[in-house]
Amino acid sequence: MNKTYIEEPGPSELRSPLVQNELKRAGVWVALAVAVALVALLAQPIMLVVGAMVLATMMDGGARLLGRIVPIGRGWRLALVLIGAVCFLAWTFYLTGSSLAQQAQAMRTIVEAQVNRIGGWMQQLGITTTPEDLKSLASQAMSSMGRVTAAVGTAVGAITSMVMMLVLGIFVAMEPKLYERGVAWMLPMDKRGHFYAIADRMGWTLRRLMFGRLIGMAVEGVGTWLLLWAGGVPMAGLLGILTGLLAFLPNIGAIVSGVLIILVGFSGGSDTGLYALVVYLAVQIVDGYLVVPMVAKRAVDLAPALVLAAQILFGALFGILGLFLADPIVAMIKVYLEERSKALEERRRSQSPLYDGTGKNGPAMGDRA
């Protein structure tokens, strides 16, 4: 008895379900490899775009805050925020530019002298580390901040990068909803509502984070300057400005500014050095236990160890920009994971037979009449 044989597509034919399935799987892996390669090659442009988003968030927050006081259009409020920031920077550099340049050179000499003293003291204790070793260690630490620093390694590159971020941030801050809708347009219809919720939450979180950061910078900078000036510590103005600027970097900035304050303080004597140490600790305690919890920690609630680990990782991968943008990136990732978890929980509840349509489960089986 002859059996009927039915021909089916073989592995060499693209219409084979097996081949199509394998091609899809291979396409996913190839796309993932290409995405990783693009991230590695375009690391710095990506960091510039992220930096522009952070600047846009700061400008948007200032415009929103000004809108509670002045009932004018958003464009005018944004212009006032930009003009105020530019005038403040110009006024600061005009009043302190020449004296800060002289103090910066003097501070470099003082820091080098203090490093040599520390190296000599360590040699007296039997430690073979020399001042040259300390200098080389510091230079290696600064040079190991990442490979993606070629374009911002010079003054021209740094200025160009800042201008690019500022211009892009201004365009985004002028019409943030326009760009938000543009990104949502590329997503499926059923995913857009979830995207809008995540974008709104990210914007609110970043505004609170940056507002807290600016308040902390002002408190640390002004407080350090006034207290050091009152105690007769040399170069109090420069130390205050550096402390305020470095306050933008949680954890690492406080350590660097503390080292500079203590080194300069002890250059004026033991009493001055101890006073500088007390000032540094007092300012950090006020900022860490009063300003940050009241302004930013309640909105973001990032663990210090997580922020420090992210700074080390992003600094090694993306250079100085990654170091500055580590905690905003971690905050956005945290918001995305939280919102995704809420959406999955809501979906699970909606599929439950006890779901009552209000976002909460209905009464238990034993409670029903």
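Student: Why is Glu180 called buried?

Tutor: This is a predicted model, and in it Glu180 has a relative accessible area of 14%. Buried means under 20%, so Glu180 counts as buried, at 14%.

Student: Where does Glu180 lie, and what is it in contact with?

Tutor: Glu180 lies in helix α6. Setting aside neighbours within four places in sequence, Glu180 is in contact with Phe195, Tyr196, Ala199 and Asp200.

Student: What is the mean confidence of helix α6, and which helix is lowest?

Tutor: Helix α6 (residues 176-185) is where confidence is highest in the chain, at a mean of 86. The lowest is helix α4 (residues 131-143), at 53. Over residues 141-153 the pLDDT is below 50, yet this stretch has 25 contacts in the model beyond near neighbours in sequence.

Student: And how does the chain score on average?

Tutor: The average pLDDT is 75, with 72% of the residues scoring at least 70.

Student: What makes a set of residues a nonpolar core?

Tutor: The residues must be buried, of the nonpolar kinds, and joined through side-chain atoms within 4.5 Å. The largest such core here has 23 residues, and Met47, Phe314, Leu325 and Ile329 have the most contacts inside it.

Student: Which elements give two or more residues to this core?

Tutor: Those are α2 (43-67), α7 (189-230), α11 (304-324) and α12 (326-350).

Student: What does Ile329 touch?

Tutor: Not counting residues up to four places away in sequence, Ile329 touches Met47, Val50 and Phe314. Apart from the largest core lies another, of 15 residues, including Val233, Leu238, Ala276 and Val279.

Terms used:
Residues are numbered from 1 along each chain as its sequence is written. This is a predicted model: local features need pLDDT of at least 70, side-chain atom pairs count only at pLDDT 80 or more; totals for chains, interfaces and linings use all residues. Side-chain values use heavy atoms; hydrogens and water are left out. Buried means under 20% relative accessible area, exposed over 50%, partly exposed in between (1.4 Å probe, protein chains only). Helices (H or I, at least four residues) and strands (E, at least two) are DSSP runs, numbered from the N terminus. Contact means heavy atoms within 4.5 Å. pLDDT is the predictor's confidence in each residue, from 0 to 100.
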